[in-house]
Amino acid sequence: MWSFAHIANELHNWLSNQFNPTWTLIIEMVIAGVAVIGLFAMLGLILVIMERKVSAWMQIRLGPNRVGPKGMLQSLADTLKLLVKEGLTPDGADKLLFNVAPFIAMIVAMLLLAPIAFASNFQLWDLNIGVLYVSAVSSLMVISILMAGWSSNNKYSLMGAMRSGAQIVSYELSAGLSVLAVVVMSGSLQVSDIIESQRNGWWIFKGHIPLIIAFITFIIAVTAETNRAPFDLAEAESELTAGFHTEYSGMKFALFFLAEYVNVFIVCSIGATLFLGGWMPFHIGNWTGFNHAMDYIPSSIWFFGKTFFLIFVIMWFRWTFPRLRIDQLLNLEWKYLLPISMINLLVVTAMAILGWHF
Amino acid sequence: MFIGKYIKDIWAGIRSLLVGMKRTLYYFTHHKEIITQQYPDNRDTLELPERFKGEVVMPHNENNEHRCTGCQACELACPNGTIKVIFKNELNAEGKKKKAIDKLVYHLELCTMCNLCIEACPSDAIKMAQTFEHSVFDRNQLTKVLNKPGSKIMDGVE
Amino acid sequence: MTGSDIIFYILAGLTLGCGVLSVTTRQIFRAAIFLLFSLIGIAGIYFWLDYQFIAAVQIVVYAGGIVVLIIFSIFLTQQAGEKLPKQRLDRKIFSALAVFSAFALAMVQVYQHSFTAPAGEQPVPTVKDIGLKMLNTENGGYALPFEIISMLLLAALVGCIVIALREKL
């Protein structure tokens with residue numbers, strides 16, 4: 001059967017026969033790096049056109065429809081435009097930090113891809129603290145935004161960066177607590193273990209109402225963490241022109257733009273892994289025929305299908321709800337999401353100890 | 001009670017969010033609702049909304065007659081001096097001198113399509129047309145005379 | 001020199017170099033960023049040692065928490081892009097002396113200590129081991145320190161609430 005794991009194994013065997021172990025490792029690292037960069041480029045192109053089409057259809061518009069069939073090559077044309085544009089560094093900016101900030105954003109996004117299981121047995125690094133690693137490294141995302149905002153030497157950028165810092169730091173809490181709910185249930189931080197624990201049903205079905213609440217708080221918190229509307233105060237166009245990336249242009253702006261979409265992909269794939277079973281196919285109880293039919297669908301399609309469904313949900317939020325004010329944003333987190341997810345975590349812990357799940 | 005109000009708040013919030021999401025999902029799945037007009041392509045079948053305001057025109061009937069009495073109400077109503085009424089004296093049937101319009105000059109390049117002149121007109125002599133492709137190479141072409149040459153006022157309009 | 005050694009030296013160089021830059025730069029925001037890179041280098045060394053949990057905690061606590069806090073206080077107090085004034089020479093000399101004596105003390109300790117390699121293969125501590133140890137009340141458990149630290153955090157929380165509730169002066 002053709003699967004990602006199969007291809008990776010074949011490649012590894014072939015390389016091991018050709019070279020000694022050190023060179024095999026180095027070549028494999030290079031291949032993984034190229035694959036990650038390729039995935040980023042693809043994600044950028046696909047998610048931008050997806051966002052533009054989804055937004056258009058939700059606002060009763062047509063969206064891009066001129067470049068390529070049905071406008072599907074529009075994001076390629078945009079990328080080309082951004083590539084040839086001049087990258088400007090303002091005079092009063094802190095040149096070093098200004099130029100480093102977009103790369104920090106990209107590097108953090110790349111590091112976050114490591115523990116994600118794209119298909120069965122297909123993972124870059126199955127480290128035993130997978131979920132903690134993701135929440136740790138994603139807390140570095142805010143650093144690039146703060147760097148960009150400060151070094152631009154522009155009041156809009158600074159205000160955008162401060163807003164985004166306050167927002168990310170506070171929403172990290174409820175995202176972490178809702179992730180903990182799944183960790184408590186499955187009893188492991190390792191991504192492969194968490195997926196394996198969902199072989200007989202996804203956690204959102206097995207965990208009754210508490211895990212559904214955890215799922216909802218997770219989705220809300222990650223929408224805020226990736227700075228997307230209705231929580232896009234960091235780059236609120238009507239108030240701050242473009243927030244922390246006001247002064248960026250050309251490819252450096254494109255890197256921020258790409259990092260935002262890659263982060264959306266990453267948080268959605270984490271959500272799919274924790275709550276919707278990762279690459280596990282959809283099974284219903286004892287319907288063996290149905291379950292076998294579901295098994296025929298490759299695991300990578302299950303993973304990407306779930307991830308893109310969650311991305312669609314987040315886009316759906318963005319194009320439905322108006323932006324929150326800063327006090328409403330902080331109220332939502334500290335007065336609603338945090339208490340709810342804390343109590344929810346207690347309930348989940350009681351359920352896990354008493355075994356009240358399937 | 002505090003807890004009761006808290007839970008009620010959350011419930012009301014989630015419900016109103018779901019109402020909004022239902023609406024956008026409806027639009028997302030029903031593409032026939034799309035209102036975008038692909039203008040240069042559908043020029044022949046273009047449908048404009050009824051109240052679309054393109055330029056001021058003066059309708060004439062088949063006898064080359066209009067309804068303008070030259071009362072200058074439109075000229076006074078216009079906020080930026082778009083309309084200029086130029087008079088001439090003409091003899092009516094009884095041989096009396098009567099004031100009538102010679103030219104109703106309309107500067108399209110100054111017009112903001114605010115519709116105030118149409119509302120001010122007591123005899124419904126001018127109205128808004130739906131044409132909107134106004135670009136020309138010479139600015140002078142935008143200064144238009146609304147009444148056709150040789151036209152006169154319709155009978156019975158005072 | 002193996003690949004593992006090279007990675008260690010890169011990480012150590014990153015940590016030390018950014019540490020030095022963080023105290024010598026005259027722009028306070030850059031100092032905070034270099035401190036961040038230095039802390040990330042330490043986290044990298046933990047990853048290199050395969051102590052993944054400690055590495056992740058290092059990133060969460062220091063990079064995600066403390067440095068962000070420092071950056072926020074810089075944002076609220078400083079003007080962007082302004083350099084700090086140059087220090088007087090005597091201050092520079094004395095601080096260099098203080099740093100050097102601390103460094104010498106540490107190096108003396110390192111060279112006097114005889115490091116013995118642990119016998120046999122050491123098990124990598126998992127999160128489960130750490131958690132069990134943390135809440136263990138028996139001999140060698142860390143339940144008491146854990147609770148004392150949580151008392152400290154509780155005191156900090158209460159202090160925050162008191163400051164927030166106090167009427168505006």
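1. Asn227(A) is buried, with a relative accessible area of 5%. Asn227(A) sits in the loop between H10 and H11 of chain A. Its phi is near 60°, a positive value in a residue other than glycine. This is a predicted model, so local features here need pLDDT of at least 70.

2. Chain B offers a second case of positive phi. Asn64(B) has a phi of about 60°, although it is not a glycine. Asn64(B) is placed in the loop between S1 and strand S2 (65-66) of chain B. At 24% relative accessibility, Asn64(B) counts as partly exposed.

3. Now the charged pairs. Over all chains, the structure holds 11 salt bridges. One of them joins the side chains of Arg228(A) and Glu51(A), at 2.9 Å from N to O. Arg228(A) lies in the loop between helix H10 (208-225) and helix H11 (237-240) of chain A, and Glu51(A) lies in helix H2 (residues 21-58) of chain A, so the pair ties together parts that are 177 residues apart in sequence. Arg228(A) is buried, and Glu51(A) is buried too.

4. Which residues are linked with Arg228(A) in a network of salt bridges? They are Glu51(A), Glu260(A) and Arg318(A). A general point applies here. Side chains of opposite charge can pair when their charged atoms come close.

5. Another salt bridge in chain A brings together the side chains of Asp327(A) and Arg325(A), again with a distance of 2.9 Å from N to O. Asp327(A) is partly exposed, with a relative accessible area of 37%.

6. Chain B has a pair to inspect as well. Glu55(B) forms a salt bridge with Lys144(B), and their closest N and O atoms are 3.0 Å apart. Glu55(B) belongs to strand S1 (residues 55-57) of chain B and Lys144(B) to strand S6 (residues 143-145) of chain B, so this pair ties together parts that are 89 residues apart in sequence. Glu55(B) is buried, with a relative accessible area of 10%. Lys144(B) is partly exposed, at 25%.

7. Glu333(A) deserves a look. Glu333(A) is buried yet has no salt bridge. How far away is the nearest side chain of opposite charge? That side chain is Lys335(A), and it is 13 Å away. A salt bridge needs the nitrogen within 4 Å of a carboxyl oxygen, so Lys335(A) does not qualify. Glu333(A) lies in helix H15 (residues 326-354) of chain A. Leaving aside residues up to four places away in sequence, Glu333(A) touches Ser170(A), Tyr171(A), Leu173(A), Ser174(A), Leu338(A) and Pro339(A).

8. Turn to chain C. Chain C has 6 helices and 0 strands. From the N terminus on, its elements run α-α-α-α-α-α. Its C-alpha atoms fill a box of roughly 55 × 50 × 30 Å, taken along the principal axes.

9. Is chain C compact or spread out? A compact globule of 169 residues would have a radius of gyration near 15 Å, but chain C has 21 Å. Of the 169 residues of chain C, 21% count as buried. Among contacts in chain C between residues at least 6 apart in sequence, 51% join residues at least 24 apart.

10. Last, the surface and charges of chain C. Chain C exposes about 12,700 Å², and carbon and sulfur atoms supply 70% of that area. Chain C carries 11 positive and 9 negative charges, and the mean positions of the two sets are 19 Å apart.

How values were computed. Residues numbered from 1 in each chain as written. Chains lettered and ligands numbered in written order. Predicted model: local features only at pLDDT ≥ 70, side-chain atom pairs only at ≥ 80, totals over all residues. Heavy atoms only, no water. Helix = DSSP H or I, 4+ residues; strand = E, 2+ residues; numbered from the N terminus. Buried < 20%, exposed > 50% of the residue type's maximum accessible area, 1.4 Å probe, protein only. Lys, Arg positive; Asp, Glu negative; His and termini not counted. Contact = heavy atoms within 4.5 Å. Rg over C-alpha atoms; globule rule 2.2 N^0.38 Å. Areas by Shrake-Rupley, 256 points an atom, 1.4 Å probe, with all protein chains shown as cover. Charge placed at Lys NZ, Arg CZ, Asp CG, Glu CD.
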